[in-house]
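Trainee: I would like to go through this chain with you, residue by residue where it helps. May I begin with a specific question?
Mentor: Please do.

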Amino acid sequence: MLASFQYVFWRGKRQFLLEADTNAAWVLFAVEDGAFRFRVGSAEGVAEAGDVVACPPGTLFHRHALSPVTFHFLRLELEDPSPAYLSEGKVRVANRSRLASDLVLLRRFAEDPSPEAERLKRHLLEDMLAFGFHDAGRASDMPAEDATMSNAAALIRDRAGEKAFGIRQAAEAAGLTPVQFSRKFQAAFRTTPVRYLTECRIKLAKELLADTNLTLEEIAPRCGYENAFYMSRVFKQVVSTSPSAYRKACQV
């Protein structure tokens, strides 16, 4: 999904050094505070706190600060140069709370060039692309089959922390057999429902590790896992670092 990236966090920027430029990769501005006027291709408007503005490769990006702007600058070289979930101008955000959580953690590592921090930043950016924007279409705007998968993804996110919940329950809610459900889910989101559920559970674990003092034994059942040992093994497979190392990095 993500070939390479550049990430910079800007605080209270009163004016942009370049008020118009182009880039060979996708560029995203995720605004935390302040406002700026933008024009990207045929899209234009004002971006404020909570907005994300995207500029495709090779497209002229005009911006002018209206007030001091605090924002995340993301330069992303994607394996798919024309992803369906990104378009010029303001990006429709599928999961604002998830996006905000990823950006908070990214900011913590903004000035850390260590290999471990770079791995964590990459994982957070891939999480943001997969879950913040990827299913950004509203169910009411989608064909019935896609709306069913969108609702299934929302169900998985909502119940990921339940140990008794699994793909069989999600398939039953969608009125499909597990095999049918897996095939349709993968066609809609380019990932399997099992991997999606795992990513959601690890996301919960990351939030609890970063924001609480709960032990791994206390965190595991809140993330749908039977015990801390199994959760730690899955966490390291997904994040490429251990839960304890991740917690330590978040507290720096």
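Trainee: Leaving aside neighbours within four places in sequence, which residues is Asp127 in contact with?
Mentor: Bear in mind that this is a predicted model. Beyond those neighbours, Asp127 is in contact with Arg98, Asp102, Gly132, Glu199 and Lys203.

Trainee: Where is Asp127 found?
Mentor: Asp127 is part of helix H2, which covers residues 115-133.

Trainee: And is Asp127 buried or exposed?
Mentor: Its relative accessible area is 3%. Buried means under 20%, so Asp127 is classed as buried.

Trainee: Let me step back. How many helices and strands does the chain have?
Mentor: There are 9 helices and 7 strands in the chain. The radius of gyration is 19 Å, close to the 18 Å that the globule rule gives for 252 residues, so the chain is as compact as a globular protein of that length.

Trainee: What does the C-alpha trace span along its principal axes?
Mentor: The span is about 50 × 45 × 25 Å.

Trainee: What share of the residues is buried?
Mentor: Buried residues are 47% of the 252 in the chain. As for the surface, the chain exposes about 12,400 Å², and carbon and sulfur atoms supply 49% of that area.

Trainee: Among contacts with a separation of 6 or more, what percentage comes from residues 24 or more positions apart?
Mentor: Such pairs account for 73% of those contacts.

Trainee: How many charged side chains are there, positive and negative?
Mentor: The chain carries 33 positive and 31 negative side chains. The centres of the two sets lie 2 Å apart.

Trainee: Turning to the interior, which residues touch the most other members of the largest nonpolar core?
Mentor: They are Leu28, Leu76, Phe133 and Tyr246, in a core of 46 residues. Helix H2 supplies the largest share of this core, with 7 residues. In soluble globular proteins, nonpolar side chains tend to be buried together.

Trainee: What does Leu28 touch, not counting residues up to four places away in sequence?
Mentor: Leu28 touches Val52, Val53, Ala54, His72, Phe73, Leu74, Leu76, Leu86 and Phe133. Two of the core residues named a moment ago, Leu76 and Phe133, are thus on that list.

Trainee: What lies apart from this core?
Mentor: Another core lies apart from it, with 17 residues that include Phe131, Ala152, Ala153 and Phe185.

Trainee: I also marked Met149. Where is its place, and is it buried or exposed?
Mentor: Met149 sits in helix H3, residues 144-159. With a relative accessibility of 1%, Met149 counts as buried. Not counting residues up to four places away in sequence, Met149 touches Leu176, Phe181, Lys184, Phe185, Ala188 and Phe189.

Trainee: How far apart in space are Met149 and Asn213?
Mentor: Their C-alpha atoms are 35 Å apart, with the two positions 64 residues apart in sequence terms.

Trainee: Now Arg201. Is that residue buried or exposed?
Mentor: Arg201, in helix H6 (residues 193-211), counts as buried at 9% relative accessibility. Apart from residues up to four places away, Arg201 touches Ala160, Glu162, Lys163, Phe165, Cys223, Gly224 and Tyr225. Arg201 and Arg157 are 44 residues apart in sequence and 8.3 Å apart, C-alpha to C-alpha.

Trainee: Let us change to the loops. Where does Gly41 lie?
Mentor: Gly41 is in the loop between strand E3 (26-40) and strand E4 (43-47). Gly41 is partly exposed, at a relative accessible area of 44%. Leaving aside neighbours within four places in sequence, Gly41 is in contact with Thr59, Leu60 and Glu88. The C-alpha atoms of Gly41 and Gly89 are separated by 7.9 Å, although these residues are 48 apart along the chain.

Trainee: What is the phi of Ser240?
Mentor: Ser240 has a positive phi of about 70°, although it is not a glycine. Most residues other than glycine have a negative phi. Ser240 lies in the loop between helix H8 (228-239) and helix H9 (243-250), and at 44% relative accessibility Ser240 counts as partly exposed.

Trainee: One last residue: is Val179 buried or exposed?
Mentor: Val179, found in helix H5 (residues 178-189), counts as exposed at 60% relative accessibility.

Note on methods. Residues are numbered from 1 along each chain as its sequence is written. This is a predicted model: local features need pLDDT of at least 70, side-chain atom pairs count only at pLDDT 80 or more; totals for chains, interfaces and linings use all residues. Side-chain values use heavy atoms; hydrogens and water are left out. Helices (H or I, at least four residues) and strands (E, at least two) are DSSP runs, numbered from the N terminus. The radius of gyration is taken over C-alpha atoms; the globule rule is 2.2 Å times the number of residues to the power 0.38. Buried means under 20% relative accessible area, exposed over 50%, partly exposed in between (1.4 Å probe, protein chains only). Contact means heavy atoms within 4.5 Å. Accessible areas come from the Shrake-Rupley method with a 1.4 Å probe; for residues, only the protein chains shown count as cover. Lys and Arg count as positive and Asp and Glu as negative; His and the chain ends are not counted. The place of a charge is taken as NZ of Lys, CZ of Arg, CG of Asp or CD of Glu. A nonpolar core is a set of buried Ala, Val, Leu, Ile, Met, Phe, Trp, Tyr and Cys residues joined through side-chain atoms within 4.5 Å.
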